[in-house]
Amino acid sequence: LVGVRPVPDSLGRVNKVELIPLEQLGRPRVDVVVSCSGVFRDLFINQMNLMDRGIKLAAEADEPDDMNFVRKHAKEQAEELNVSLRDAAARVFSNSAGSYSANVGLAIENGGWEDESQLQDQFL
């Protein structure tokens, strides 16, 4: 969706990604958010890093906003949050290392919350 492809090395291992030129892609780059489980995060850390690199390549590409929604939204977020474009382009998320749940379900079951904002904070 973002318009990147894997680049294999001479042994067929993928350690890089590259942007597919817009002319070849034939459509706008689509902005995405990737939310990975803790198990996926731990088992496939290299693939998560490649996804992050690909999204950041798209955000940093000098392309028109109407053909690159990753860049368009990252620029808007960078301005709104007063952060760099690279930081605003973060789209790959997971819970913290060693954690496999946000424990929102447990908070709901135990009734340990008073309003929805507490559940939102728990998740984030």
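# Close-up views of a predicted model

**View 1. D9 and its salt-bridge partner.** D9 counts as partly exposed, at 27% relative accessibility. The model shown in this and every other view is predicted. The side chain of D9 meets the side chain of R13 in a salt bridge, with 3.0 Å from N to O. R13 has a relative accessible area of 48% and is partly exposed. This value does not make R13 exposed, because exposed means over 50%.

**View 2. Strands β1 and β2 form a hairpin.** Strand β1 covers residues 4-8 and strand β2 covers residues 14-19. The two strands run antiparallel, and five bridges join them. Which residue of β2 is the bridge partner of V7? The partner of V7 is K16. P6 has its bridge partner in β2 as well, namely V17. Between the strands, the hairpin has five residues. In this hairpin, G12 takes a positive phi near 90°.

**View 3. R41 and D42 form a salt bridge.** The closest N and O atoms of this pair are 2.8 Å apart. The pair also appears as a polar contact between the side chains of D42 and R41, at 2.8 Å. Is R41 buried or exposed? R41 has a relative accessible area of 10%, and it counts as buried because the cut-off for buried is under 20%. D42 has a relative accessible area of 37% and is partly exposed. In the secondary structure, D42 belongs to helix α2, which spans residues 38-43. How far apart are D42 and A97 in space, C-alpha to C-alpha? The distance between D42 and A97 is 7.8 Å, although 55 residues separate them in sequence.

**View 4. E60 and R86 link distant parts of the chain.** The side chains of E60 and R86 meet in a salt bridge, with 2.8 Å from N to O. E60 lies in helix α3 (residues 45-60), whereas R86 lies in helix α5 (residues 85-88). The two residues are 26 residues apart. E60 counts as partly exposed, at 39% relative accessibility. R86, with a relative accessible area of 41%, is partly exposed too.

**View 5. R71 is buried and has no salt bridge.** R71 is found in helix α4, which runs over residues 69-81. Which side chain of opposite charge is nearest to R71? D65 is the nearest, at 4.7 Å. The pair does not count as a salt bridge, because that requires a side-chain nitrogen of Lys or Arg within 4 Å of a carboxyl oxygen of Asp or Glu. R71 does have a polar atom in its side chain that lies 2.9 Å from the backbone oxygen of A59. Leaving aside residues up to four places away in sequence, R71 touches A58, A59, E60, A61, E63, D65 and L85. One of these, E60, is the salt-bridge partner of R86 in View 4.

**View 6. N68 is buried in the loop between α3 and α4.** How much relative accessible area does N68 have? The value for N68 is 0%. The side chain of N68 reaches the backbone nitrogen of V70, at 3.2 Å. With residues up to four places away in sequence left out, N68 touches R29, A58, A61 and E63. A58, A61 and E63 are also among the residues that R71 touches in View 5.

**View 7. The protein chain as the setting for the close-ups.** The protein chain has seven helices and four strands. Along the sequence, these elements follow the pattern β-β-α-β-α-α-α-α-β-α-α. How many salt bridges are counted? The count is eight, and the pairs shown above include D9 with R13, R41 with D42 and E60 with R86. The chain has 124 residues, and 27% of them count as buried; among them are R41, R71 and N68. The accessible surface comes to about 8,300 Å². Carbon and sulfur atoms account for 53% of this surface. For contacts between residues at least 6 apart in sequence, 52% join residues at least 24 apart.

Methods. Residues are numbered from 1 along each chain as its sequence is written. This is a predicted model: local features need pLDDT of at least 70, side-chain atom pairs count only at pLDDT 80 or more; totals for chains, interfaces and linings use all residues. Side-chain values use heavy atoms; hydrogens and water are left out. Buried means under 20% relative accessible area, exposed over 50%, partly exposed in between (1.4 Å probe, protein chains only). Lys and Arg count as positive and Asp and Glu as negative; His and the chain ends are not counted. A polar contact is a pair of N or O atoms within 3.5 Å; within protein, one must be able to donate a hydrogen and the other to accept it, and residues adjacent in sequence count only if both atoms are side-chain atoms. Contact means heavy atoms within 4.5 Å. Two strands pair if DSSP finds at least two bridges between them. Accessible areas come from the Shrake-Rupley method with a 1.4 Å probe; for residues, only the protein chains shown count as cover.
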